[in-house]
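I opened this model to look at one helix, then at the sheet, and last at the nonpolar core. My notes follow in that order.

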Amino acid sequence: MATLSDILQSEDITSLQHLQLFARTVVEGFTTGLHASPHKGFSVEFRQHRPYVQGDEIRRLDWKIFGRSDRFYIREYDEETNLRATIVLDTSGSMGYRGTGGVLKLDYARKLAASLAYLLMSQQDAVGLITFDTKLRHIIPNRTKISHLHLLLETMIQSQPGGETALAPVLESLGNHLKRRGLVILISDFFDDAASLLKAIGVLRHQGQEVVVLQLWDRDELEFPFSRFARFENLENSEDNVQLDPAAVRNRYLEVLSEFRTQITEGLRKHQVDLLQLPTDQSHSTALRQYLTLRMR
């Protein structure tokens, strides 16, 4: 079983330094933070200065301080609010796949989730966690205290891959647990009916949730490199197995895969949802750093 040091290492923390994850849409929170509030006119009094980081709006620079100190500082006001971020982690059977060159998909997902939870909580944002397969399994509420991070990581470690995937109905029920507008980070291989998935995500977007999708792939799933006659086992249903010659189905498999990926990509773009497709043989910290840097711009 994975340990805390396995899913959140010192190099992961170092790689996230000087990066921030801003909400692109208005959010509802309860403390002063980095994100725009929907409650216009609630309070616009100056609160504090903080050092400028890449991605901040130039118009908020305090040029008087720059003139005195030759350093950039941002003016913060009380109409800004903290973000309520919910990490939704797929623990279904397909996340238990480990190819020849990658890592267990769930292990990779845990590392992504742990890094994002740490980053968000270091911003004083409230982070929650939901795990699922055919239904919601763990529901950890959003909290800002750094001690809450330990609970999140322990829950990720305890979650093991198993069961079938029912992502679309899970996303439909998710809206009932999200009482305020915020950020939903979905980490999954997304193996479900594409049309149903996109419809459910559209409902979340209509409710005012910002959604980011991290879709995981093992290299075997992307390239189907098998050549010998073999028995293929369904990790989500032990009775659904098949013996076949991979060469006979490879072209059709890749064709269907391409259609599925295109449908997901175009559908998420239509709903204005960020999609990060990650093969598990790619460094998770490098992928996150590149995405966050681009998002901050």
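Before checking the helix I wrote down the rule I would use: the expected span of a helix is 1.5 Å times one less than its number of residues. I also noted that this is a predicted model.

**Entry 1, helix α9.** I took α9, residues 246-270, and applied that rule to its 25 residues, which gives an expected span of 36 Å; the end C-alpha atoms are 35 Å apart, so the two values agree. I then looked for a bend and found one of about 25° at Arg252. Just after the helix comes Gln272, whose phi is positive, near 60°.

Which residues of α9 are buried? I listed Pro246, Leu257, Phe260, Ile264, Gly267 and Leu268. As a reminder to myself, residues three or four places apart in an α-helix point the same way, because there are 3.6 residues a turn. I next looked up what covers the buried residues of α9, and the cover includes the helices α7 (194-206) and α8 (219-223) as well as the strands β9 (210-217), β10 (230-232), β11 (242-244) and β12 (274-279).

**Entry 2, the sheet.** I traced an open sheet of 6 strands, in the order β7-β6-β5-β8-β9-β12, and noted that the pairing is mixed. Why does one side of β7 and of β12 lack a neighbour in the sheet? Both β7 (136-143) and β12 stand at the edges and have a single partner strand each, so one side of each is left free of a neighbour there. Ignoring direction, I found that neighbouring strands are turned by 15° against each other on average.

Within the sheet I followed β5 and β6, which pair in the parallel sense over 7 bridges, and I noted that Arg84 has Ala126 in β6 as its bridge partner. Returning to α9, I saw that this helix packs on the sheet, where it touches β9 and β12, and that its direction makes about 165° with that of β9. Helix α10 also packs on the sheet and touches β9 and β12, with its direction at about 160° to that of β12.

**Entry 3, the cores.** In the largest nonpolar core, which has 44 residues, I found that Ile87, Met156, Ile185 and Ile187 touch the most other members. Elements that each supply at least two residues of this core include β5 (84-90), α5 (147-158) and α10 (284-296), while α4 gives the most, with 11 residues. Lastly I recorded a second, separate core of 27 residues, among them Leu167, Val170, Trp217 and Leu268; Leu268 is also on my list of buried residues in α9.

Notes
Residues numbered from 1 in each chain as written. Predicted model: local features only at pLDDT ≥ 70, side-chain atom pairs only at ≥ 80, totals over all residues. Heavy atoms only, no water. Helix = DSSP H or I, 4+ residues; strand = E, 2+ residues; numbered from the N terminus. Bend = angle between axes of the 7 residues up to and from the residue. Buried < 20%, exposed > 50% of the residue type's maximum accessible area, 1.4 Å probe, protein only. Contact = heavy atoms within 4.5 Å. Core = buried A, V, L, I, M, F, W, Y, C linked by side-chain atoms within 4.5 Å. Pairing = 2+ DSSP bridges. Axes fitted to C-alpha atoms, helices over the stretch in contact; angles between N-to-C directions.
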